[in-house]
Amino acid sequence: SADFSAVELRAIAYHANAKYLIEHLNRFDAGLGPKIHTVNAKNLFGVDDPSPVQYTLAKNFVFGSFYQPHDEPNASRAIWAILVPDFPDISLADVDRLRRDWFYKINPELPEYQDKLIAMATAQQRVTAPLSGIDFLFHGKIEPNKVLNYPIQNTQAELMRRAIVRVRSRLVEGEYLWGQVHDELIVEGPDPSRLVSVLREEMPKPVLFCGQMITFPIEVKTG
């Protein structure tokens, strides 16, 4: 099987041109740094070696925060309500601090990106996915969380759709594409090494994304 590596955060980074995220994703891809969720946990909690709890909390916090406008008055409470069942020690004040750091200290491009995307959606009554070009239409008042969510989720879906088409075209008799689980493709056949080659060759093809050719890397597992 193979899954796209940190694909949701990569789509966010490239769509928003978030320099901090892009830098650390590139460092990880080059073998020069840890996973991006580890980097985020280090910066959000001010630790050199994040615990598994801090790693998971940072990951959940980042995605919860991105899909809420940075200036939404009730965003911190909404994110806190999502996090607290799994992380009962986190307070509303903690979430407030983390959001300020995330948006204004670590990723200053994100507030500008959110404002621009929401303003365009308001004016045009639609938001366009950057990879597929498919529009999500509004009729009247827009919903900011859908404006922020749609381009990223559609990008993940389009990457997977293209990957499925390419991988299926390479399979021979006795090889099967069993299915998709989120960002992962599961294949089976008598020669695992051949299937690994197919996945490595076909899934991470460069795509034109936000005006530049981007490769979304994969992680392959066998067994």
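How many bridges join β4 and β5, and in which sense do the two strands pair? Select both strands in the viewer, bearing in mind that the model is a predicted one, and you will find that β4 and β5 pair in the antiparallel sense over five bridges.

**The sheet**

Begin with this pair and pick out individual partners across it. Tyrosine 176 stands opposite glutamate 188 in β5, while glycine 179 faces isoleucine 186 of that strand. Follow the chain into the turn, where two residues separate the strands of the β4–β5 hairpin and where histidine 182 has a positive phi of about 55°.

Next, extend the selection to the whole sheet, which is open and made of four strands in the order β4-β5-β1-β8, with antiparallel pairing. At its edges lie β4 (176–181) and β8 (218–220), each of which pairs on one side only. If you look along the sheet, neighbouring strands are turned by 20° against each other on average, with direction ignored.

Now keep β5 in view and add β1. The pairing between β1 (residues 2–4) and β5 (residues 184–188) is antiparallel and runs over two bridges; in one place to look, alanine 2 has leucine 185 of β5 as its bridge partner. As background to these pairings, strands of a sheet pair through backbone hydrogen bonds, in either a parallel or an antiparallel arrangement.

**From the hairpin to helix α8**

Select glutamine 156 next, a residue of helix α8. Is glutamine 156 buried or exposed? Its relative accessibility is 10%, and because the cut-off for a buried residue is under 20%, glutamine 156 counts as buried. Display its side chain together with that of aspartate 183, and a polar contact of 3.3 Å can be seen joining the two. When neighbours within four places in sequence are left aside, glutamine 156 is in contact with Val7, Glu8 and Asp183.

**Helix α4 and its surroundings**

Move now to helix α4, whose 15 residues (52–66) reach 22 Å from the first C-alpha to the last, close to the 21 Å expected at 1.5 Å a residue. Colour its buried residues, which are Leu57, Ala58, Phe61, Val62, Phe63, Ser65 and Phe66. These buried residues pack against α1 (7–16), α3 (36–45), α5 (75–83), α6 (92–106), α7 (109–124) and α8 (144–170), so that each of these helices is worth showing alongside α4.

**Valine 39 and glutamate 109**

Two of the helices that α4 packs against, α3 and α7, offer further stops. In α3, select valine 39, which is buried with a relative accessible area of 7%. Not counting residues up to four places away in sequence, valine 39 touches Tyr20, His24 and Pro34. Draw a distance from its C-alpha atom to that of isoleucine 12, 27 residues apart from it along the chain, and the separation is 16 Å.

In α7, select glutamate 109, which is buried as well, with a relative accessible area of 17%. Which residues surround glutamate 109, leaving aside its neighbours within four places in sequence? Showing its contacts brings up Ala16, Asn17, Ala18 and Lys19.

**Aromatic pairs**

Finish with the aromatic rings, of which a search of the whole structure finds nine pairs. In phenylalanine 66 and tyrosine 67, the ring centres are 5.1 Å apart and the planes stand at 80°, so the pair is edge-to-face. Both members of that pair, phenylalanine 66 and tyrosine 67, are buried, and phenylalanine 66 was already met among the buried residues of α4.

Turn then to phenylalanine 209 and phenylalanine 216, an edge-to-face pair with 5.8 Å from centre to centre and 85° between the planes. Phenylalanine 209 and phenylalanine 216 are both buried. Add Tyr14 to the selection to complete the picture, since Tyr14, Phe209 and Phe216 form one aromatic cluster.

Notes. Residues numbered from 1 in each chain as written. Predicted model: local features only at pLDDT ≥ 70, side-chain atom pairs only at ≥ 80, totals over all residues. Heavy atoms only, no water. Pairing = 2+ DSSP bridges. Axes fitted to C-alpha atoms, helices over the stretch in contact; angles between N-to-C directions. Expected span 1.5 Å × (residues − 1). Buried < 20%, exposed > 50% of the residue type's maximum accessible area, 1.4 Å probe, protein only. Contact = heavy atoms within 4.5 Å. Polar contact = N/O pair within 3.5 Å; in protein donor to acceptor, adjacent residues only side chain to side chain. Phe/Tyr/Trp six-rings, centres within 6.5 Å; stacked < 30°, edge-to-face > 60°.
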